[in-house]
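Work through the exercises below with the sequence and the coordinates at hand. Each task is followed by a solution in steps.

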Amino acid sequence: MRRAIGGRGLRRAISLLAFVSLGAGVLAPTSAAAAGKPPAVEGATVKKDRHSPTGYTVRFVYHNPDATQVRLAGDLTLLDVGTGTTRYQPEAWQPGRYHAGGTEFLRDMTRDAKGYWSVSVPLHAGGLSYWYRVWDPTQGWVNKRIWDPASTNPRPPGDSSFRVRNNDVLDAVHVPYDKKQNDPVLRERAEYELPIANRSRRGTVQYIPYTTILGDGGHHLGVYLPAGYDPDRAEPYKVAYLAHGIFGDETDFMVPANVPNILDNMTARGEIEPTVVVTMGNHFTGTSLGFASYNQTNAADNLVQTILPLIEERYNVSTERTGRAYAGFSYGGMTGGVVIKNHPTTFAFYGHFSGNPSLTAQDYDTIAAAVGDAPLTVFLGNGVFEGSLNAQNAIADNFRARGYAAATAQVPGAHDGMTAGQLFTIFARDHLWSGADSVSVTPETARTT
């Protein structure tokens with residue numbers, strides 16, 4: 001049965017009435033603070049500010065009386081689509097400039113008498129990546145990179161995740177759109193990337209332990225379950241398996257790429273049926289704790305031979321290829337080429353974000369012979385600051401020449417999780433589950449906090 005959601009064009013007609021930020025991005029009340037210095041609120045507080053070039057200022061507060069130095073850091077410098085390479089500080093925002101990774105933003109935070117470190121910066125709309133760098137002699141920290149302790153984003157327990165081991169963690173703050181930004185891209189990012197106002201329409205994120213195909217323990221899978229997930233639903237849920245880049249782990253698509261928020265909003269708007277998401281860490285070869293531990297063949301085999309059976313046993317998800325999708329960012333996108341080449345009948349939907357599959361003419365023919373007349377959809381994209389889409393278009397043409405659906409897209413961004421989130425939005429909204437039997441979805445017509 002085809003779903004009845006009023007068409008994907010409906011997304012433009014259904015407006016989001018209100019957003020509030022969650023955890024690391026709390027929207028401040030509009031009333032003025034009491035006379036005197038406002039109390040320190042830990043975390044990232046987003047405040048409407050008519051003096052800000054974006055209409056909003058974010059105040060970051062971290063409490064650590066033992067620290068001797070703290071810096072706000074993140075993917076918060078700006079790139080201009082007109083210049084491509086010139087970097088700007090957040091205060092220099094103007095239309096056409098977007099927060100982008102590649103150069104770490106660093107800003108000293110100021111300590112008060114009670115050990116609260118703070119700094120305020122203007123930020124544009126969307127989910128934006130940040131972290132803290134901390135010097136704390138009591139913990140042996142020298143330029144230690146940490147998540148915001150005030151963040152409510154779920155995390156894998158312990159210190160086994162790749163980013164924790166390599167001092168490379170990421171968090172996210174969520175900033176609303178202000179009309180003075182005058183940018184449809186940023187308006188749309190706010191509509192999808194901010195936590196949905198109606199808490200009953202928010203899905204859940206959890207991390208479950210598992211043992212990899214190589215017998216390595218201490219690893220976790222991230223699992224997003226849509227709001228109202230029913231383990232006994234007659235129709236199993238469609239499921240997307242998402243793979244990080246060579247610098248990442250199972251938290252990447254859940255936090256900096258904002259996939260849970262994107263799907264919450266998309267589902268509530270009737271643009272996609274409720275979908276389960278599974279993320280995995282791919283650093284488990286045992287050769288090292290560094291980047292060399294990501295092996296694409298191991299990752300592809302582990303996904304198909306270990307992760308799929310585990311998820312399909314534990315959750316009410318599809319076991320059909322038309323109910324499964326694979327997508328990856330950077331090295332994870334490249335890994336998708338190994339997945340489709342070595343396991344061509346496992347997934348019907350592929351997303352390659354800033355990382356292209358490496359396939360020969362013979363590979364395309366072999367894939368086509370295995371898939372046959374069954375549906376196959378391939379989506380490829382990157383950020384405008386990463387270069388042209390020539391390579392992506394050539395790959396798409398190879399799939400189209402063999403009768404399969406393929407599309408490409410480019411978004412304002414660099415090689416970071418914010419670009420991955422924008423590309424995931426397009427992939428999920430415009431391509432995911434197209435041509436597959438789907439359940440009916442009723443759009444949400446009202447929002448409440």
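**Exercise 1. The second largest cavity**

Task: State which residues line the second largest cavity, and describe the lining by class and by element.

Solution. The model is a predicted one. Step 1: the residues that line the second largest cavity are Ala-243, Met-280, Asn-282, Ala-299, Leu-303, Ile-307, Tyr-326 and Thr-335. Step 2: sorted by class, this lining has 6 nonpolar residues, 2 polar ones and no charged ones. Tyr counts as nonpolar in this scheme. Step 3: helix α4 (residues 296-314) supplies the largest share of the lining, 3 residues. Step 4: the volume of the second largest cavity is about 30 Å³.

**Exercise 2. The largest cavity**

Task: Give the number of cavities of 30 Å³ or more, then describe the volume and lining of the largest cavity.

Solution. Step 1: 2 cavities of 30 Å³ or more are found in the structure. Step 2: the largest cavity holds about 90 Å³ of space. Step 3: its lining consists of Ser-160, Ser-161, Phe-162, Arg-165, Gly-218, His-219, His-220, Asp-249, Glu-250, Gly-281, Asn-282 and His-283. Step 4: two or more of these lining residues come from each of α1 (162-165) and β15 (219-225). Step 5: the class count for the largest cavity is 1 nonpolar, 8 polar and 3 charged residues. For the second largest cavity the count is 6 nonpolar, 2 polar and no charged. Asn-282 appears in the lining of the largest cavity and also in that of the second largest.

**Exercise 3. An aromatic pair and a buried neighbour**

Task: Classify the geometry of the pair Phe-353 and Phe-427, and find which residues Phe-379 touches.

Solution. Step 1: the whole structure contains 17 aromatic pairs. Step 2: in the pair of Phe-353 and Phe-427, the ring centres are 5.8 Å apart and the planes meet at 70 degrees. Planes over 60 degrees apart count as edge-to-face, and the pair is edge-to-face. Step 3: Phe-353 belongs to strand β19 (residues 349-353) and Phe-427 to helix α8 (residues 417-430), so the pair ties together parts 74 residues apart in sequence. Step 4: Phe-353 and Phe-427 are both buried.

Step 5: Phe-379 is in strand β20 (residues 377-383). Its relative accessibility is 0%, so Phe-379 counts as buried. Step 6: leaving out residues up to four places away in sequence, Phe-379 touches Tyr-350, Gly-351, His-352, Phe-353, Ala-407, Thr-408, Ala-409, Leu-423, Ile-426, Phe-427 and His-431. Both members of the pair, Phe-353 and Phe-427, are therefore among the contacts of Phe-379. Step 7: Phe-379 and Ile-395 are 16 residues apart along the chain, with 9.7 Å between their C-alpha atoms.

**Exercise 4. Helix α2 and the charges over rings**

Task: Decide how far helix α2 is covered and by what, then give the distances of Arg-145 and Arg-269 from the ring centres they lie over.

Solution. Step 1: of the 10 residues in helix α2 (residues 184-193), 7 are buried. Step 2: the buried residues are Leu-186, Glu-188, Arg-189, Ala-190, Glu-191, Tyr-192 and Glu-193. Step 3: the cover over these residues includes β7 (97-99), β11 (126-136), β13 (171-175), α3 (259-268) and α8. Step 4: Arg-269 lies over the face of Tyr-192, 4.7 Å from the ring centre. Step 5: the charged end of Arg-145 sits over the ring of Trp-131, at 3.6 Å from its centre.

**Exercise 5. Positive phi**

Task: Compare Asn-143 and Asn-182 in phi, location and exposure.

Solution. Step 1: most residues other than glycine have a negative phi. Step 2: phi is positive in Asn-143, near 60 degrees, and in Asn-182, near 50 degrees. Step 3: Asn-143 lies in strand β12 (residues 141-146), whereas Asn-182 is in the loop between β13 and α2. Step 4: the relative accessible area of Asn-143 is 27%, which makes it partly exposed. For Asn-182 the value is 60%, and Asn-182 is exposed.

Methods:
Residues are numbered from 1 along each chain as its sequence is written. This is a predicted model: local features need pLDDT of at least 70, side-chain atom pairs count only at pLDDT 80 or more; totals for chains, interfaces and linings use all residues. Side-chain values use heavy atoms; hydrogens and water are left out. On a 1 Å grid over the protein atoms alone, a cavity is a set of points where a 1.4 Å probe fits but cannot get out, and a pocket is an open set with protein on both sides within 12 Å along at least five of seven lines; lining residues have an atom within 4 Å of a point. Grid points are joined across faces, edges and corners, and a volume is the space filled by probe spheres set on the points. Helices (H or I, at least four residues) and strands (E, at least two) are DSSP runs, numbered from the N terminus. Rings of Phe, Tyr and Trp (its six-membered ring) pair if their centres lie within 6.5 Å; planes under 30 degrees apart count as stacked, over 60 as edge-to-face and the rest as tilted. Buried means under 20% relative accessible area, exposed over 50%, partly exposed in between (1.4 Å probe, protein chains only). A charge sits over a ring if NZ of Lys or CZ of Arg is within 6 Å of the ring centre and within 35 degrees of the ring normal. Contact means heavy atoms within 4.5 Å.
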